[in-house]
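The questions below work through one chain, its core, its aromatic rings and its strands. Each answer ends on the value or name asked for.

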Amino acid sequence: MAAGGIMKPRANTFYVIDTRHYLDEKGDIEPKKGPARKLADFTTAVIAHASDFNRSESTHGPVCFKCRKRDNHHVDTGMTDDDAVVWHCPACGTEGRVSNWRGTLWDFSHGMLSN
């Protein structure tokens, strides 16, 4: 809290992610460990959730990689008119936009069955 009991607004973080930056020439996730792997795993989970058009509306999105321990830490996912995957965490306000996801192993937009 700031002086006078007024809450300071938290700065939101917006990630712009090109999926190709995390993949090797075979299409597998390139980073093997560390923060890059953590973000790559989260990004692919977001792609799978957003592109699974057969999933139930009640299926939770992936757990936010920034605030795993908070309540309501599942991100909301969606698609934009220009074919980007977008996500937003209602708990911490972190959000992002993912490009170049079509044709990856996590692209379920072409009739892959939901679990």
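Two strands count as paired if DSSP finds at least two bridges between them. The model is predicted.

Q: Which residue in S4 does His88 stand opposite?
A: S3 and strand S4 (residues 95-99) pair in the antiparallel sense, over 4 bridges. Within this pairing, the residue opposite His88 is Glu95.

Q: Which residue takes a positive phi in the hairpin of S3 and S4?
A: This hairpin has 6 residues between the strands. Phi is near 85 degrees, a positive value, at Gly93.

Q: Which residue in S3 does Gly78 stand opposite?
A: S2 and S3 pair over 4 bridges in the antiparallel sense. Opposite Gly78 stands Val86.

Q: Is Asp83 buried or partly exposed?
A: Asp83 lies in the loop between S2 and S3, a hairpin with 5 residues between the strands. Its phi is near 70 degrees, positive although the residue is not glycine. Buried would require under 20% relative accessible area. Asp83 has 32% relative accessibility, so it counts as partly exposed.

Q: What is the relative accessibility of Asn100?
A: Asn100 is found in the segment after S4 and has a positive phi of about 55 degrees without being a glycine. Asn100 counts as partly exposed because its relative accessibility is 36%.

Q: Which side chains along S3 point to one face and are buried?
A: In a regular strand, side chains alternate between the two faces of the sheet. S3 shows this alternation, with Val86 and His88 pointing to the other face and not buried. The buried side chains are those of Val85 and Trp87.

Q: Which element gives the most residues to the largest nonpolar core?
A: The core has 22 residues, and Phe42, Val75, Trp87 and Val98 touch the most other members. The elements giving two or more residues to this core are strand S3 (85-88) and helix H1 (34-51). With 7 residues, the element that gives the most is H1.

Q: Which residues does Phe42 touch, not counting residues up to four places away in sequence?
A: Phe42 is among the core residues that touch the most other members. Its list of contacts includes Val75 and Trp87, which are also in that group. In full, the residues touched are Pro62, Val63, Cys64, Phe65, Val75 and Trp87.

Q: Why is the pair of Tyr15 and Trp87 stacked or edge-to-face?
A: The count comes to 5 aromatic pairs. In the pair of Tyr15 and Trp87 the ring centres are 6.2 Å apart and the planes are at 25 degrees. Planes under 30 degrees apart count as stacked, so the pair of Tyr15 and Trp87 is stacked.

Q: How many residues apart in sequence are the parts that Tyr15 and Trp87 tie together?
A: Tyr15 lies in strand S1 (residues 14-18), whereas Trp87 lies in strand S3. The pair therefore ties together parts whose separation in sequence is 72 residues.

Q: What is the angle between the planes of Phe65 and Trp87?
A: Trp87 is buried, with a relative accessible area of 3%, and Phe65 is buried too. Phe65 sits in the loop between H1 and strand S2 (76-79), 22 residues from Trp87. The two rings form an edge-to-face pair, 6.2 Å centre to centre, and the angle between the planes is 70 degrees.

Q: Which residues do ring pairs link into a cluster?
A: Trp87 pairs with Tyr15 and also with Phe65. Ring pairs link these residues and one further ring into a cluster of Tyr15, Phe42, Phe65 and Trp87.

Note on methods:
Residues numbered from 1 in each chain as written. Predicted model: local features only at pLDDT ≥ 70, side-chain atom pairs only at ≥ 80, totals over all residues. Heavy atoms only, no water. Core = buried A, V, L, I, M, F, W, Y, C linked by side-chain atoms within 4.5 Å. Buried < 20%, exposed > 50% of the residue type's maximum accessible area, 1.4 Å probe, protein only. Contact = heavy atoms within 4.5 Å. Phe/Tyr/Trp six-rings, centres within 6.5 Å; stacked < 30°, edge-to-face > 60°.
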